Amino acid sequence: MTERSEGAVGPGEGAIRLGEAAAEAVARAGTELRGDSGPAMARLVASRVLDVPDFPKPDVLFKDLMPLFADGVAFRAVVDGIVEHHGRDSFDVVVGIEARGFVVAAAIAYATGKGVVPVRKAGKLPRAAYAESYALEYGEATLEVHQDAFTAGQRALVVDDVLATGGTARATLDLVERAGGTVAGFTVLLELSFLGGRERLSPRGVHALLTV
Ligand code: AMP
């Protein structure tokens, strides 16, 4: 489909019309869905996320974005939307946070001809790395990046699937700067606003495609 119309997401060729699932998501929310790339993009993400109760532990509602990754048209619209938001010339490299951030980072990097830098869980990187420990919504963790991951001042666009308390993101942004990069932007597909991640990252900005 090439037409652009109300409820369509994505530039030109491959634009998609939001379907029944999105309409249901809006109805469930009882209000217009919101996000930093507008309501149509927010509806798109909402239509392709599954809520998994009590995963990976009791009382956590896991936001599973695998349906979005598995839908080629929707995934392309999301990747294009992220690039459009930041501008393809605003960053030199894309940083993906293990593991679901890798999926998004690799797609953005390929679409823009940039490289990828992985930020990994402790003990996975083979060479000298900087480490940052932080608290998760469900536990504690340490993230690492190779010490030579960036050239001086290299501009990094950082991406992940979900922003919860912001600990993961803050550790990652700190790692980028410790390793000599600069943070050009930070995008998540879905933000859990009630956990205060955006406030925790302030004054650094957050670009979230869907905020719930
Ligand atoms: P946080 O550090 O609390 O912002 O947690 C964000 C990181 O943990 C991201 O890498 C997410 O993939 C993951 N995460 C935390 N909470 C959730 C959730 N409710 N659903 C899916 N992923 C989550």
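Student: What makes the pair Asp71 and Val73, at the start of α4, a polar contact?

Tutor: A side-chain oxygen of Asp71 reaches to within 3.2 Å of the backbone nitrogen of Val73. A polar contact is a pair of N or O atoms within 3.5 Å; within protein, one must be able to donate a hydrogen and the other to accept it, and residues adjacent in sequence count only if both atoms are side-chain atoms. The value of 3.2 Å is therefore inside the cut-off. The model is predicted, so local features need pLDDT of at least 70 and side-chain atom pairs pLDDT 80 or more, while totals for chains, interfaces and linings use all residues. Residues are numbered from 1 along each chain as its sequence is written, and side-chain values use heavy atoms, without hydrogens and water.

Student: How do you know that the length of helix α4 agrees with its number of residues?

Tutor: Helix α4 covers residues 72–86, which is 15 residues. The expected span is 1.5 Å times one less than the number of residues, which gives 21 Å for α4. The end C-alpha atoms of α4 are 22 Å apart, so the two values agree. Helices (H or I, at least four residues) and strands (E, at least two) are DSSP runs, numbered from the N terminus; by that rule the protein has 7 helices and 11 strands. After α4 comes Gly87, with a positive phi near 90 degrees.

Student: Why is Thr112 called buried?

Tutor: Buried means under 20% relative accessible area, exposed over 50%, and partly exposed in between (1.4 Å probe, protein chains only). Thr112 has 11% relative accessibility, so Thr112 counts as buried. This residue belongs to helix α5 (residues 100–112). A polar atom of its side chain lies 2.7 Å from the backbone oxygen of Ile108. Beyond its neighbours within four places in sequence, Thr112 is in contact (heavy atoms within 4.5 Å) with Val83, Arg88 and Phe91.

Student: On what value does the class of Thr168 rest?

Tutor: Thr168 has a relative accessible area of 17%, so Thr168 is buried. The residue is in helix α6 (residues 167–178). Not counting residues up to four places away in sequence, Thr168 touches Ile97, Tyr134, Leu136, Leu143 and Asp160. Of the 212 residues in the protein, buried ones make up 45%.

Student: What makes a set of residues a nonpolar core, and which elements supply the largest one?

Tutor: A nonpolar core is a set of buried Ala, Val, Leu, Ile, Met, Phe, Trp, Tyr and Cys residues joined through side-chain atoms within 4.5 Å. The largest has 31 residues, of which Leu65, Val78, Ile82, Ile108 and Leu189 touch the most other members. Two or more residues come from each of α2 (39–47), α3 (66–70), α4, α5, β9 (155–163), β10 (182–191) and β11 (207–211). Helix α4 gives the most, with 7 residues. Another core, of 23 residues, lies apart from this one; among its members are Val117, Tyr134, Leu175 and Leu201. In soluble globular proteins, nonpolar side chains tend to be buried together.

Student: Why is the pair Asp161 and Arg100 called a salt bridge?

Tutor: A salt bridge is a side-chain nitrogen of Lys or Arg within 4 Å of a carboxyl oxygen of Asp or Glu. The N to O distance for Asp161 and Arg100 is 2.3 Å, so the pair qualifies. Asp161 lies in strand β9 and Arg100 in helix α5, so the salt bridge ties together parts 61 residues apart in sequence. Asp161, at 4% relative accessibility, counts as buried, whereas Arg100, at 24%, counts as partly exposed.

Student: What makes Glu132 and Arg178 a salt bridge?

Tutor: The closest N and O atoms of Glu132 and Arg178 are 3.1 Å apart, so the pair meets the rule. Glu132 is in strand β7 and Arg178 in helix α6, 46 residues apart. At 19% relative accessibility Glu132 counts as buried; at 40% Arg178 counts as partly exposed.

Student: Which side chain does Arg127 meet in a salt bridge, and how exposed is Arg127?

Tutor: Arg127 meets Asp148 at 2.8 Å, N to O. Arg127 counts as partly exposed at 45% relative accessibility, and Asp148 counts as partly exposed at 48%. By the salt-bridge rule the count comes to 12.
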